[in-house]
Amino acid sequence: MKKKIAIVGALDTKGLEFEFLKKEIELRGLSTLLIDIGVLGQPFMEPDISRGRVAQAGGKSIEELVAKRRSEEH
């Protein structure tokens, strides 16, 4: 069975860095599972698991989390 590396990160603010990491891992013959946890803006690249799915797994919608973060900023 081929190994798979999970990459968890905010693809809206650190998308370039995670794209680099993904490519480097895949160059070494491993597959990746890209999971987006960003809540500030749109992801830089398409994740395998969206931030919406992550939020849903935690019992909230992404809209609720974004609204909460915005209210905490003020």
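# A briefing on a β-α-β-α-α chain

Ser31 has a relative accessibility of 19%, so this residue counts as buried, the cut-off for that label being under 20%. Ser31 is part of strand β2, and that strand is a handy place to start a tour of this model, which is a predicted one. The chain has 74 residues, and its secondary structure comes to three helices and two strands. From there we can move to the nonpolar core, the salt bridges and a patch on the surface.

**The overall picture**

- Following the sequence from its start, you meet the elements in the order β-α-β-α-α.
- The C-alpha trace spans about 45 × 25 × 15 Å along its principal axes.
- Buried residues make up 28% of the 74 in the chain.
- About 5400 Å² of the chain is exposed, and carbon and sulfur atoms supply 56% of that area.
- If you take the contacts between residues at least 6 apart in sequence, 55% of them join residues at least 24 apart.
- For a sense of distance, take Glu17 and Arg69: they are 52 residues apart along the chain, and their C-alpha atoms are separated by 23 Å.
- Glu17 belongs to helix α1 and is partly exposed, at a relative accessible area of 46%.

**The two strands**

- Strand β1 covers residues 4–9 and pairs with β2 in the parallel sense, over six bridges.
- Is β2 largely enclosed or open? Five of its six residues are buried, so the rest of the structure largely encloses this strand.
- Ser31 touches Lys2, Lys3, Lys4, Ile5 and Ile25, leaving aside residues up to four places away in sequence.
- Across the strand pair, Ile7 stands opposite Leu34 of β2.

**The nonpolar core**

- Which residues build the largest nonpolar core? Six do: Ile7, Leu11, Phe18, Ile25, Leu34 and Met45.
- As background, nonpolar side chains in soluble globular proteins tend to be buried together.
- Ile7 and Leu34, the residues that stand opposite each other, are both members of this core.
- Leu34 also has contacts with Leu11 and Met45, two further core members.
- Beyond the core, the contacts of Leu34 include Lys22, Glu46, Pro47, Asp48 and Ile49, again not counting residues up to four places away in sequence.
- Ile25, another core residue, is one of the residues that Ser31 touches.

**Salt bridges**

- The whole structure holds four salt bridges; here are some of them.
- Lys22 pairs with Glu26, with 2.8 Å between the closest N and O atoms.
- Both of these residues lie in helix α1 (residues 15–27), four residues apart, or about one turn of the helix.
- Lys22 is buried, with a relative accessible area of 18%, whereas Glu26 is partly exposed at 35%.
- Lys22 is also among the residues touched by Leu34.
- Arg28 and Glu24 form a salt bridge through their side chains, at 2.9 Å from N to O.
- In that pair, Arg28 is exposed, with a relative accessible area of 58%, while Glu24 is partly exposed at 26%.
- Lys68 bridges to Glu72, where the closest N and O atoms are 3.7 Å apart.
- Lys68 and Glu72 share helix α3 (residues 62–73) and sit four residues apart, about one turn of the helix.
- Glu72 is exposed, with a relative accessible area of 55%.

**A nonpolar patch on the surface**

- Val8, Ile37 and Val54 together make a nonpolar surface patch of about 220 Å².
- Where does Ile37 lie? Ile37 is in the loop that runs between β2 (31–36) and α2 (51–57).
- Why can Ile37 be part of a patch? Its relative accessible area is 44%, which makes Ile37 partly exposed, and patch residues need over 30%.
- Ile37 touches both of the other patch residues, Val8 and Val54.
- Gly9 and Ala10 are also among the contacts of Ile37, once residues up to four places away in sequence are left out.
- Ile37 and Gly52 are 15 residues apart along the chain, and 8.5 Å separates their C-alpha atoms.

Conventions: Residues are numbered from 1 along each chain as its sequence is written. This is a predicted model: local features need pLDDT of at least 70, side-chain atom pairs count only at pLDDT 80 or more; totals for chains, interfaces and linings use all residues. Side-chain values use heavy atoms; hydrogens and water are left out. Patches are made of residues with over 30% relative accessible area and no salt bridge: like charges are joined within 9 Å, nonpolar side chains (Val, Leu, Ile, Met, Phe, Trp, Tyr) within 5 Å. Accessible areas come from the Shrake-Rupley method with a 1.4 Å probe; for residues, only the protein chains shown count as cover. Buried means under 20% relative accessible area, exposed over 50%, partly exposed in between (1.4 Å probe, protein chains only). A nonpolar core is a set of buried Ala, Val, Leu, Ile, Met, Phe, Trp, Tyr and Cys residues joined through side-chain atoms within 4.5 Å. Contact means heavy atoms within 4.5 Å. Two strands pair if DSSP finds at least two bridges between them.
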